[in-house]
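Visitor: I am new to this one. Could you show it to me and take my questions?

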Amino acid sequence: MDSFLDMKTLGIVAEYNPFHNGHKYHVETAKEKSGADVCIAIMSGNFSQRGLPCVEDKWTRARWALENGVDLVIELPVCYATSHAGDFAKGSIKMLEKMGVDYISFGAENDGEILREIADKDFDILSSKDSYAKQREEALGNAEILRKSNNILAIEYFKSIKNAKPLVIKRQGTGYLEKDIKGFPSATAVRQLAKEGKDYSKYVPEGVKVIPENLDKLWEMAVSKAIEMEAEDIDRINSSDEGFGNLIKKKVRMAGSYEELVEELKSKKYTRSRIQRFILQLVLGITKEDVKGKTIRVLGFNEKGSAFLKELKDRDVEYITKVGKEDIPLDVRANDIYNLLLGRDLYQNSDYVKKPVIITK
């Protein structure tokens, strides 16, 4: 096989929660438009950016991607994967550019040009009473565009990209948070079908199965943490603010479920998404100081992906395929907690035991 130094490489930031037909369309279209010879996905591990456990573990979701057009899957460190859009984008783009990809592709509800224009603008935080999203809408205008989830991330990707060429693929069909099915479904729509016990098989590639989420254990863990920790330590959690520790220590006594806890905590300033991320970060122990992960950890590859990894090694770009005791401790802990939430064997599914998925065909 020729050297990848002479070939085009494509990077995609993804969660694949679950991998659906819209994702397959994105991979195929991005590869065609970029002319890329190898496709690399940097994918969230076991927890999503909305602050909840993923529908399947990272190994299974990596396999879905490799069976549907991706050549190499890298894990996005959990400190970025469970953070707000800015850190999520910054962390993923930094790692893809560290690997030297030529193109970075992402989906959006609108065309790339207008999103790039918004990304080039700046604004000041005006008030401590409104959420960041609300202040951004008022300062920049384009409220309708800025309320669409994929657009929000696309703008942050544009801000973060330094060397690669951005490639926007306009989203087809249902938007990310929409639950109705129009053309390609959103991940939310597929998860909702699974939750309702309805057939979603025609919206996902063969072999993709969704485990409906059960948040009872996550709620119990969050309550336990809130009771155990001091308020000032809770204030250090990544999505927290000063005084939030006292607030949650009060509110956990008023909530009898995960949903009730979210409702008790959310406000004009603290959106539902931010509260969900905060609850998860509390359980995982992710503080503001932790948002600096940089290890390239391989989850799976095929023949092309293997050849690209060899090129990385030849260029002295470090990555790991096997986790040692000193490697990525936060991600190891997050993986253990995910398996505990799902009632899976902690040893057999440990990051110390699991090996990259290898596709040979």
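Guide: Gladly. This is a predicted model. Start with helix α9, whose buried residues are Ala187, Thr188, Ala189, Val190, Arg191, Leu193 and Ala194.

Visitor: How many of the nine residues of α9 are buried?
Guide: Helix α9 spans residues 187-195. A residue counts as buried under 20% relative accessible area. The helix is mostly covered, and its buried residues number seven.

Visitor: Which residue with a positive phi follows α9?
Guide: Look just past the helix. The phi there is near 75°. The residue is Gly197.

Visitor: Now the sheet. What is the order of its seven strands?
Guide: The sheet is open, and its pairing is mixed. β5 (165-170) stands at an edge, and so does β7 (357-358). The order is β5-β4-β1-β2-β3-β6-β7.

Visitor: Why is one side of β5 and of β7 left without a neighbour in the sheet?
Guide: Both strands stand at the edges. One side of each is left without a neighbour because each has a single partner strand.

Visitor: Which helix packs on the sheet and touches β1, β2, β3 and β4?
Guide: The strands touched are β1 (9-14), β2 (38-44), β3 (72-76) and β4 (103-108). The helix direction makes about 155° with that of β1. It covers residues 85-98 and is helix α4.

Visitor: In which sense do β6 and β7 pair, parallel or antiparallel?
Guide: Strand β6 takes in residues 297-301. Gly300 has Val357 in β7 as its bridge partner. Two bridges join the strands, and the sense is parallel.

Visitor: Which residue of β6 is the bridge partner of Val73?
Guide: β3 and β6 pair in the antiparallel sense, over four bridges. The partner of Val73 in β6 is Gly300.

Visitor: How many of the five residues of β6 are buried?
Guide: β6 has β3 as an antiparallel partner. With β7 it pairs in the parallel sense. The strand is mostly covered, with its buried residues numbering five.

Visitor: Which helix lies across β1, β4 and β5?
Guide: Its residues are 149-160. It runs at about 155° to β4. This is helix α8.

Visitor: At what angle do α5 and α8 pack?
Guide: Helix α5 holds residues 112-119. Its axis and that of α8 are 8 Å apart. The crossing is right-handed. The angle is about 65°.

Visitor: How many nonpolar residues are in the contact of α5 with α8?
Guide: From α5 come Gly112, Leu115, Arg116, Ile118 and Ala119. From α8 come Asn151, Ala154, Ile155, Phe158 and Lys159. Two of the contact residues are polar and two are charged, while the nonpolar ones number six.

Visitor: Is α12 parallel or oblique to α13?
Guide: Helix α12 (residues 244-251) and helix α13 (residues 258-265) have axes 10 Å apart. They pack at an angle of about 135°. That makes α12, relative to α13, oblique.

Visitor: How many charged residues does the contact of α12 with α13 have?
Guide: Phe244, Leu247, Ile248 and Lys251 of α12 meet Leu261, Glu264 and Leu265 of α13. Five residues there are nonpolar and no residue is polar. The charged ones number two.

Visitor: Does Asn335 count as buried or exposed?
Guide: Asn335 lies in helix α16 (residues 329-342). Beyond its neighbours within four places in sequence, Asn335 contacts Asn46, Lys58, Asn349, Ser350 and Asp351. Its relative accessibility is 2%, so Asn335 counts as buried.

Terms used:
Residues numbered from 1 in each chain as written. Predicted model: local features only at pLDDT ≥ 70, side-chain atom pairs only at ≥ 80, totals over all residues. Heavy atoms only, no water. Pairing = 2+ DSSP bridges. Contact = heavy atoms within 4.5 Å. Axes fitted to C-alpha atoms, helices over the stretch in contact; angles between N-to-C directions. Left-handed = near helix turned anticlockwise from the far one by under 90°. Nonpolar A, V, L, I, M, F, W, Y, C, P; charged D, E, K, R; others polar. Parallel < 35°, antiparallel > 145°, perpendicular 65-115°, else oblique. Buried < 20%, exposed > 50% of the residue type's maximum accessible area, 1.4 Å probe, protein only.
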